[in-house]
Amino acid sequence: YSYCLIQWLRQFYPDKTPEQIFNQHFGGVYYVFVRGCNAGTGNGIYPHTWQNYKKLSDAFESFKV
């Protein structure tokens, strides 16, 4: 989803590369598993980010069939 979001953002920033969009407009994602959440704890909430666009792109490419 993160890779696709950056590709979608390219239409709003046609003068920027995906790397620039990643660095300037993207910080990461939070996955929230509602059934795993407990009040007052961080259970069920998992943050994820990538160090750079290349690592995100490589992760996306590894799942393509």
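Start by selecting Ser2: this residue is buried, because its relative accessible area is 6%, under the 20% cut-off for that label. Keep in mind as you look around that the model is predicted.

Stay with Ser2 and colour the helix that holds it, α1, which covers residues 2-9. Now show what surrounds the residue. Setting aside neighbours within four places in sequence, you will find Ser2 in contact with Phe26, Val29, Trp50 and Leu56.

From that list, pick Phe26 as your next stop and add Phe22. Both of these residues are buried. In the whole model there are six aromatic pairs, and Phe22 with Phe26 makes a tilted one, with 5.7 Å from centre to centre and 40° between the planes. Next, widen the selection to Tyr3, Phe22, Phe26, Tyr53 and Phe60, and you have one aromatic cluster on screen.

The last stop is the largest pocket, which holds about 210 Å³ of space. Which elements give two or more residues to its lining? They are α1, β1 (29-32) and α3 (53-63). Of these, α3 provides the largest share, four residues.

To see the whole lining, select Tyr1, Ser2, Tyr3, Val29, Tyr30, Tyr31, Trp50, Leu56, Ala59, Phe60 and Phe63. Try colouring these residues by type: ten are nonpolar, one is polar and none is charged. Ser2, where the tour began, is among the lining residues, and so are Val29, Trp50 and Leu56, which you met earlier as contacts of Ser2. Tyr3 and Phe60 also line the pocket, and both belong to the aromatic cluster.

Technical notes: Residues are numbered from 1 along each chain as its sequence is written. This is a predicted model: local features need pLDDT of at least 70, side-chain atom pairs count only at pLDDT 80 or more; totals for chains, interfaces and linings use all residues. Side-chain values use heavy atoms; hydrogens and water are left out. Buried means under 20% relative accessible area, exposed over 50%, partly exposed in between (1.4 Å probe, protein chains only). Contact means heavy atoms within 4.5 Å. Rings of Phe, Tyr and Trp (its six-membered ring) pair if their centres lie within 6.5 Å; planes under 30 degrees apart count as stacked, over 60 as edge-to-face and the rest as tilted. On a 1 Å grid over the protein atoms alone, a cavity is a set of points where a 1.4 Å probe fits but cannot get out, and a pocket is an open set with protein on both sides within 12 Å along at least five of seven lines; lining residues have an atom within 4 Å of a point. Grid points are joined across faces, edges and corners, and a volume is the space filled by probe spheres set on the points. Ala, Val, Leu, Ile, Met, Phe, Trp, Tyr, Cys and Pro count as nonpolar, Asp, Glu, Lys and Arg as charged, and the others, Gly among them, as polar.
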